[in-house]
Amino acid sequence: MSAPTHLERGMTAAAQRICPGFRASGPPWLTGTSALLPGVIGDMEVVAKRPVDLRPFWIDRARHEIAVYRVLHAHPPHAPTPRLVGADPHEPLLITTVAGRRPLHPDRYLGEPVAATTLAAMLGLLDRLHGWHPRGLPRDDDYPVQLTALRHPLLGHDERESLVQLHDLASVPVQVEHGDAHLGNALEPPTNPTLIDFEFTAWRPAGDALAKLWGYLSAES
């Protein structure tokens, strides 16, 4: 067995401060912005998550996810999600139960057809999440402010003003949206698929998840 890496030692020590019974059961693996360390607490399989991209934006997203998990713990939705085991927003580090091992699809962007059963599973999860009405979940639907903050060359002044006017005219209702609804953020356990990764989950204009899922499914890269 290879010696633990600096990342594994650091994550294990942080996880044990939160949950003293934590033991790493394998090496950490990396996503684009986070490290995931599998472990056990007694007979319970868990995973510890910490950002590896230390820019303020991703640190904030990690703390946001911890806040969302605390709301999930206090007000469980009908959509299956991992269970919060422990967290420290100052690290920041999150420990949850293991909800599954295989995503509905391994890739974020798809340029190929998806099985109808796979798509139905994802849409069913999102529909159940949209029906969740918890207290304490942050909002992220002030698009006029967000659009105003964008600078040229992405959008010029006239384009921003037009989009703000369209936003005001549309009066789109808000609902709980996952924020990053691609097939890799739903796992296949033995029973029902489970949603994971809540760094961007918030009250948003209705349709946000479906628009992003459509973009992921129709993209080639």
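Student: I'd like to start with the sheet. In what order do the strands of the open three-stranded sheet come?

Tutor: The order is β7-β9-β10, and the pairing is antiparallel. Keep in mind as we go that this is a predicted model.

Student: Which strands are the edge strands there?

Tutor: Look for strands that pair on one side only: here these are β7 (102-103) and β10. Strand β9, residues 186-188, pairs with β10 over two bridges, in the antiparallel sense. To find one of the contacts, go to Ala186, whose bridge partner in β10 is Leu195.

Student: Now the hairpin. How many residues sit between β5 and β6?

Tutor: Four residues lie between the two strands of that hairpin. β5 and β6 are joined by four bridges in the antiparallel sense. Try tracing one of them: Gly86 has Ile95 of β6 as its bridge partner.

Student: Where is the cis peptide bond?

Tutor: Check the bond that joins Glu91 and Pro92, where omega is about -15°. Pro92 belongs to the loop between β5 (84-88) and β6, so you can look at the hairpin and the cis bond in one view.

Student: What about phi? Which value does Ser171 have?

Tutor: Ser171 has phi near 50°, which is positive although the residue is not glycine. You'll find Ser171 in the loop between α5 (157-170) and β8 (174-177).

Student: Is Ser171 buried or exposed?

Tutor: Compare its relative accessibility with the cut-off: exposed means over 50%. Ser171 is at 57%, so it counts as exposed.

Student: And Asp197, what is its phi?

Tutor: Asp197 has a positive phi too, near 60°, and it isn't glycine either. Its place is the loop between β10 (194-195) and β11 (202-205). With 25% relative accessibility, Asp197 counts as partly exposed, because that class runs between 20% and 50%.

Student: Let's turn to the pocket. What is the volume of the largest one?

Tutor: The largest pocket has a volume of about 900 Å³. There are 39 residues lining it, and those closest to its centre are Trp29, Thr31, Leu36, Ile196 and Asp197. You've just met Asp197 as a residue with positive phi.

Student: Which helices and strands each supply at least two residues of that lining?

Tutor: They are β2 (29-30), β3 (34-41), β4 (44-51), α2 (56-74) and β6 (93-97). If you sort the lining by class, you get 17 nonpolar, 13 polar and nine charged residues.

Student: α2 came up just now. Where does His73 belong, and is it buried or exposed?

Tutor: His73 is part of helix α2. Its relative accessibility is 51%, so His73 counts as exposed. For a sense of distance, pick its C-alpha atom and that of Leu213: they are separated by 26 Å, and the two residues are 140 residues apart along the chain.

Student: Leu213 is in α6, then. Which residues of helix α6 are buried?

Tutor: In α6, residues 208-218, the buried ones are Asp208, Ala209, Leu213 and Tyr216.

Student: Why are they on the same side of α6?

Tutor: Look down the axis and ask what arc the residues cover. Here the four cover an arc of only 120° around the axis, which means they are on the same side of α6.

Conventions. Residues numbered from 1 in each chain as written. Predicted model: local features only at pLDDT ≥ 70, side-chain atom pairs only at ≥ 80, totals over all residues. Heavy atoms only, no water. 1 Å grid on protein atoms, 1.4 Å probe; cavity = no way out; pocket = protein on both sides within 12 Å on 5 of 7 lines; lining within 4 Å. Points joined across faces, edges and corners; volume = space filled by probe spheres on them. Nonpolar A, V, L, I, M, F, W, Y, C, P; charged D, E, K, R; others polar. Buried < 20%, exposed > 50% of the residue type's maximum accessible area, 1.4 Å probe, protein only. Pairing = 2+ DSSP bridges. Arc of directions from axis to C-beta.
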